[in-house]
Amino acid sequence: MKTVLCCVWLVLLGYAPSIQAVTCPSTTVGQTYPFTARLPSGCQQSACTFFLGTTKNANDPNYLDFRMEGTATGYTAVGFSAGGAMANSDVIMCGVDAAAAGGVGIVDAYNQVGWNSVRDTTQNVCPYSASFTNGRIVCSYKM
């Protein structure tokens, strides 16, 4: 397991049968991100092993825009936890998925205990773009 700042690397996702979606605001092109988490610290965005950037959505102030990218063959993920542990935390995963459009998918999940992840029954993530090129996963989403 790797843990970096707010970032959590996940292994397994289950499936929840009834998924509810939210109405998503339009996307904003050419974002800059005032808040970032980088690995290694101080790296340039495209050279980081892991990068997470966020800013307020210009079209709807109730949403944040995120860009997550990393050098990986399977996925990158970020966890949001009130207590700082993997258990009882919301997780957004961007991963290579042969069934997804473009071969990359964005999943909103929930860690019940430890690494035991299931799809979140309330999908409050708006996926906008996802790609996997030359060993680099890049995803943009709103939440």
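Biologist: How many aromatic pairs does this structure hold?
Modeller: This is a predicted model, and the count of aromatic pairs in it comes to two. One of them joins phenylalanine 66 and phenylalanine 80, with 5.9 Å from centre to centre and 70° between the planes.

Biologist: What makes that pair edge-to-face?
Modeller: Ring centres must lie within 6.5 Å to pair, and planes over 60 degrees apart count as edge-to-face. Phenylalanine 66 and phenylalanine 80 have centres 5.9 Å apart and planes at 70°, so they meet both conditions.

Biologist: How do you know that the pair links distant parts of the chain?
Modeller: Look at where the partners sit: phenylalanine 66 is in strand S6 (residues 64-71) and phenylalanine 80 is in strand S7 (residues 75-80), 14 residues apart.

Biologist: Why does phenylalanine 66 count as buried, and why does phenylalanine 80 count as partly exposed?
Modeller: Buried means under 20% relative accessible area, exposed means over 50%, and partly exposed lies in between. Phenylalanine 66 is buried because its relative accessibility is 6%. Phenylalanine 80 has 29%, so it counts as partly exposed.

Biologist: Why is the pair of phenylalanine 66 and tyrosine 141 called stacked?
Modeller: Planes under 30 degrees apart count as stacked. Here the angle is 10°, with the centres 5.2 Å apart, so the label fits. This pair also spans the chain, from phenylalanine 66 in S6 to tyrosine 141 in strand S13 (residues 136-142), 75 residues apart. Together, Phe66, Phe80 and Tyr141 make up one aromatic cluster.

Biologist: On to charges: how many salt bridges are there?
Modeller: The count is three. In one of them, lysine 142 and aspartate 65 meet through their side chains at 3.0 Å, N to O.

Biologist: What makes lysine 142 and aspartate 65 a tie between parts that are apart in sequence?
Modeller: Lysine 142 belongs to strand S13 and aspartate 65 to strand S6, so the bridge ties together parts 77 residues apart in sequence. Both lysine 142 and aspartate 65 are buried.

Biologist: How do you know that glutamate 69 and arginine 67 form a salt bridge?
Modeller: The cut-off is 4 Å between a side-chain nitrogen and a carboxyl oxygen. The closest N and O atoms of glutamate 69 and arginine 67 are 2.8 Å apart, so the pair qualifies. Glutamate 69 is buried, with a relative accessible area of 3%, while arginine 67, at 24%, counts as partly exposed.

Biologist: What joins Arg67, Glu69 and Arg136 into one network?
Modeller: Arginine 136 also forms a salt bridge with glutamate 69, at 3.0 Å between the closest N and O atoms. That bridge runs from arginine 136 in S13 to glutamate 69 in S6, 67 residues apart. Salt bridges with shared partners thus connect Arg67, Glu69 and Arg136.

Biologist: How are strands S6 and S13 joined?
Modeller: They run antiparallel, with seven bridges between them. Threonine 71, for example, stands opposite arginine 136 in S13. S6 and S13 also belong to an open sheet of five strands, ordered S4-S5-S6-S13-S12 with antiparallel pairing.

Biologist: Why do strands S4 and S12 stand at the edges?
Modeller: Strand S4 (35-39) and strand S12 (126-133) each have a single partner strand, so one side of each is left without a neighbour in the sheet.

Biologist: Which residues have the most contacts inside the largest nonpolar core?
Modeller: Leu52, Met68 and Tyr141 do, in a core of 15 residues. S13 gives the most to this core, with three residues. A second, separate core has five residues, including Ala77 and Met93.

Biologist: How do you know that cysteine 43 and cysteine 48 form a disulfide?
Modeller: Two cysteine sulfur atoms within 2.5 Å count as a disulfide. Those of cysteine 43 and cysteine 48 lie 1.9 Å apart, so they pass. Both cysteine 43 and cysteine 48 are buried.

Biologist: What makes cysteine 94 and cysteine 139 a disulfide, and which hand does it have?
Modeller: Their sulfur atoms are 1.5 Å apart, so they also fall within the 2.5 Å cut-off. The torsion about the S-S bond is about 45°, so this disulfide is right-handed. The pair links cysteine 94 in strand S8 to cysteine 139 in strand S13, 45 residues apart.

Methods
Residues are numbered from 1 along each chain as its sequence is written. This is a predicted model: local features need pLDDT of at least 70, side-chain atom pairs count only at pLDDT 80 or more; totals for chains, interfaces and linings use all residues. Side-chain values use heavy atoms; hydrogens and water are left out. Rings of Phe, Tyr and Trp (its six-membered ring) pair if their centres lie within 6.5 Å; planes under 30 degrees apart count as stacked, over 60 as edge-to-face and the rest as tilted. Helices (H or I, at least four residues) and strands (E, at least two) are DSSP runs, numbered from the N terminus. Buried means under 20% relative accessible area, exposed over 50%, partly exposed in between (1.4 Å probe, protein chains only). A nonpolar core is a set of buried Ala, Val, Leu, Ile, Met, Phe, Trp, Tyr and Cys residues joined through side-chain atoms within 4.5 Å. Two strands pair if DSSP finds at least two bridges between them.
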